[in-house]
Amino acid sequence: MFRLSLKMTLARKGRLLLTSLAIILGTSFLSGTTIFSDTINSTFDRLFTDVFRDVDAYVRSTDSVDTGFGEQRAPAAVSALETILKVKGVSSAVGDMQSYARVIDKDGKPLGEDQGPPTFGGIASASSAGLWSVEDGRFPVGPKEMMIDGETAKKGKFEIGDTVRVNALSGTREFSLVGIASYGDVSSPGGATFALFDQPTASEFLLKPGFVDAILIQGDGTLSDEELTKAIDAALPTDAKLETLTGAEITEETTSQIKTVLGFFTTFLTAFSYIALGIGCFVIYNVFSITAAQRQRESALLRAIGASRRQITVSLLVEALIVGVLGSVIGFVAGIGLSRALSALLNAIGLEIPTKGLTINTNAIVQTVLIGTVITILSAILPALRSGRVPPLAAMRDTALDTVIRLTRRVAIGLVLIVAGSVALVASINGADVAILGLGVLGVFAGVLVIGPALSKPIAVLLGKPVVALRGVTGAMSQQNTARNPKRTARTAAPVLIGVALVTAFTALAASVKNEIRESIGNSFRGDYALSVNSRGFGGIPISTTDQIGQLNEVAQATGVGFIAAKVGNESPFVLVFNPKTADGLYDLAMVEGTQKGLSKDEILVESDKALDKNLTVGSSVQVTLVDGRSMQLTVAGTYTDAYGNYAVSRELFEGSATPLFDSFIYIKAAEGVSDESAQTAISAISADLGIGKLESRDEYIDTQAAQVDQFLALIYGLLFLSVIIAIVGIIITLLLSVFERRHEIGLLRAVGMTRSQVRTMVRWESVITSLFGAATGVVLGILTGIVIVMSLNDSGFSAFTLPITNTIIILVGAFVIGVIAAVFPAWRATRTEIISAIASA
């Protein structure tokens with residue numbers, strides 16, 4: 001039976017190819033993501049092991065705030081260097097820094113994109129404990145000299161001896177370029193831009209005089225790293241708030257932080273690869289249902305000559321095993337190319353991964369082949385069992401029938417799943433954990449898929465009515481053929497349903513977020529212009545620039561808004577920072593209680609829902625801890641709605657702090673009687689000279705902020721495109737089954753005068769009706785899912801659901817196009833049916 005299964009599998013190469021294609025597409029995405037993740041991990045393991053190879057100990061501040069994407073730590077006093085250098089076992093020590101700095105190229109444009117890697121400023125030292133080495137030139141000495149990394153030099157076309165302008169916390173300055181640096185064996189880690197100075201210059205220009213981010217230490221070899229760490233800790237004053245790590249510990253921590261950040265991306269990709277595999281399950285199930293139907297007579301003949309039900313079932317499962325292994329292996333090989341494409345994509349947007357080649361681990365191969373094979377076999381179990389139940393008398397028929405069973409039990413199970421999922425969704429709307437939301441969505445999706453066959457016939461008939469009116473008898477046949485087997489129609493439409501539902505849900509969520517952004521900014525920002533940077537919590541516009549713009553004759557008022565990490569109570573959010581002295585009438589929070597006017601450094605504003613959740617009222621006391629370790633009790637002066645962030649404080653709170661403070665936006669009101677052209681020219685003269693920010697009118701700025709959501713949506717669409725391809729493959733296979741089942745019928749129709757064009761039209765409209773059934777159901781399900789998600793996020797500031805009507809219409813039109821494309825090959829096959837042999841097959 002095994003040899004027979006193998007021969008029958010190889011005898012139908014077209015079906016083998018189509019079946020394998022669904023597995024190949026799904027597993028290639030999975031293997032590509034796995035290989036990409038392994039490559040990133042090994043790359044940064046190697047990079048930071050090389051960079052920190054001469055670092056035996058690492059001293060840093062104990063004060064920090066966890067931002068959710070890693071810790072933001074307070075700076076350390078450089079004065080600790082004197083104490084550290086006196087410790088027995090220490091050979092050398094040097095300060096280290098990674099602060100914000102932006103290099104301006106020779107054309108006056110800033111290097112590095114707002115959406116790309118960060119732009120750092122740091123310390124370059126000849127000390128053996130330093131992280132940077134000289135690629136060309138020498139290390140900088142004094143307040144007028146600097147180095148840059150090799151990649152930045154290449155992009156900016158800088159050569160040693162050039163004058164380079166740099167923007168940082170203290171403003172903008174010009175330096176003489178004396179060297180090109182490398183970081184380990186790469187010119188620029190992760191594509192970031194580095195402006196490097198000696199320690200005194202870096203501290204004064206990038207941070208605060210007398211402070212660095214950390215201190216790197218090299219031992220003389222007389223003590224182990226652990227012994228050296230303990231000796232340094234013992235020597236440091238207890239009130240210095242410093243801690244010492246070994247070189248191995250800081251290497252592991254740094255690598256782990258990079259992996260965590262990039263892990264969000266790889267986890268995101270992995271989730272969509274499993275979605276593609278899930279959609280592929282429906283296609284595989286369809287294919288093996290085709291196999292069972294096409295081999296009905298063969299199975300019956302085998303039963304008639306003595307084969308048992310078990311042998312027939314195992315025969316089809318052997319075929320599934322072959323297809324699963326073959327498709328998974330090819331998918332893994334295709335995934336190697338996909339992983340290279342992912343690296344190229346990151347490089348294209350500026351996130352350079354300094355790889356030395358791909359890392360292909362054994363577990364990646366085993367995981368891909370195992371998951372692909374198991375999914376294939378599981379998808380084939382029901383068709384295989386159905387094939388084993390074929391009676392021997394079926395050998396007298398030469399018809400491929402995909403049977404339809406009673407739907408009562410299926411409807412009951414589907415309704416139970418929908419009700420259970422709905423209960424979970426209601427619970428999530430009322431504040432239940434996000435996991436409950438996920439289970440609720442999964443339950444409703446599963447229920448709709450189970451109940452699909454009961455829905456497919458009436459919906460197919462309804463969707464087919466315009467086709468009947470348009471194409472007459474041919475359209476009527478398409479309508480009835482689609483409704484003839486509701487189970488097959490439903491499972492064919494299932495991949496389209498899932499893909500469309502996800503696309504619709506994300507589209508609706510994005511539309512709601514964009515509308516929320518527009519309303520939030522529109523209600524608070526009442527000026528004429530906005531100067532903004534997309535700093536993503538790192539760097540931004542120096543507050544001195546905000547003050548400089550506010551002093552222009554063409555400007556009546558300018559105020560800056562920024563965000564900074566802080567610990568508020570037991571939370572570590574990004575806190576909104578503004579200047580209440582300049583914000584009034586230009587940037588107004590939607591106050592529920594109290595007022596933002598006159599907000600002092602001892603007061604804080606709290607978002608109204610957050611205040612309710614934390615049981616805070618006007619006059620309540622809140623403990624706030626800044627990154628530099630300063631802790632204070634602030635009084636709640638008011639509550640607000642519709643703004644970024646759950647907490648807002650005055651800029652005065654950070655006076656005298658070593659924590660760098662930047663503005664993310666500057667809102668500007670032109671002076672009375674000043675034309676738009678004059679105001680923009682005056683403001684641009686400052687921003688363009690500094691290479692800082694993007695100046696826009698109020699409406700342009702609101703549009704730009706809302707449009708950032710489109711970038712995320714485009715990524716979702718791109719990831720779901722693979723699922724659309726798998727859905728098209730599924731429709732093609734099902735239409736081929738339909739053509740095979742009805743070859744006698746098609747032969748008779750051709751014999752009585754139906755033209756080949758009419759046959760193509762009939763098959764094409766069957767495909768369109770099936771695709772539209774999946775799309776229509778998916779759109780409804782996606783909209784409902786979007787509504788639930790928005791309502792469940794009400795505590796996060798979402799107030800209303802927005803239905804994207806235009807995008808919904810585009811999705812339905814796209815489903816129509818998918819139906820037309822999927823029908824091309826099956827329709828062509830139908831027209832090639834031999835009339836005499838088809839009639840004789842009855």
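Author: In this predicted model, F197 is buried, with a relative accessible area of 0%, and the value for F205 is likewise given as 0%, so F205 is buried too.

Reader: How is a pair of aromatic rings described?

Author: A pair of aromatic rings is described by two quantities, the distance of the centres and the angle of the planes. In this structure the count of aromatic pairs comes to 18. For F197 and F205, the ring centres are 5.7 Å apart and the planes stand at 80 degrees, so this pair is edge-to-face.

Reader: What kind of aromatic pair do F563 and F665 form?

Author: F563 and F665 form an edge-to-face pair, with 6.3 Å from centre to centre and 90 degrees between the planes. F563 belongs to strand β18 (residues 555-568) and F665 to strand β26 (residues 665-670), so the pair ties together parts that are 102 residues apart in sequence.

Reader: Is F665 buried or exposed?

Author: F665 is buried, at a relative accessible area of 8%, whereas F563, with 24% relative accessibility, counts as partly exposed, because buried means under 20%.

Reader: Which residues form one aromatic cluster with F563 and F665?

Author: The cluster joins F563 and F665 with F525, F578, Y587, Y667 and Y701. One of its members, F525, also has a charged neighbour, since R698 lies over the face of the F525 ring, at 5.9 Å from the ring centre.

Reader: Let us turn to helices. How do the axes of helix α21 and helix α22 cross?

Author: The axes of helix α21 (residues 756-792) and helix α22 (residues 805-822) come within 7 Å and cross at roughly 150 degrees. An angle over 145 degrees counts as roughly antiparallel, which makes α21 roughly antiparallel to α22. The crossing in which α21 passes α22 is right-handed.

Reader: Which residues of α21 and α22 meet?

Author: On the α21 side, the residues that meet α22 are R764, W765, S767, V768, S771, L772, A775, A776 and V779. On the α22 side, the residues they meet are T808, I811, L812, A815, F816, I818, G819, V820 and A822.

Reader: Where is S28 found, and which residues does S28 touch?

Author: S28 is found in helix α2 (residues 13-51), and S28 is buried, with a relative accessible area of 10%. When residues up to four places away in sequence are not counted, S28 touches G331, A334, G335 and L338.

Note on methods:
Residues are numbered from 1 along each chain as its sequence is written. This is a predicted model: local features need pLDDT of at least 70, side-chain atom pairs count only at pLDDT 80 or more; totals for chains, interfaces and linings use all residues. Side-chain values use heavy atoms; hydrogens and water are left out. Rings of Phe, Tyr and Trp (its six-membered ring) pair if their centres lie within 6.5 Å; planes under 30 degrees apart count as stacked, over 60 as edge-to-face and the rest as tilted. Buried means under 20% relative accessible area, exposed over 50%, partly exposed in between (1.4 Å probe, protein chains only). Helices (H or I, at least four residues) and strands (E, at least two) are DSSP runs, numbered from the N terminus. A charge sits over a ring if NZ of Lys or CZ of Arg is within 6 Å of the ring centre and within 35 degrees of the ring normal. Axes are lines fitted to C-alpha atoms, for helices over the stretch in contact, and angles run from 0 to 180 degrees between N-to-C directions. Angles under 35 degrees count as roughly parallel, over 145 as roughly antiparallel, 65 to 115 as roughly perpendicular and the rest as oblique. A crossing is left-handed if the near helix is turned anticlockwise from the far one by less than a right angle, and right-handed if clockwise. Contact means heavy atoms within 4.5 Å.
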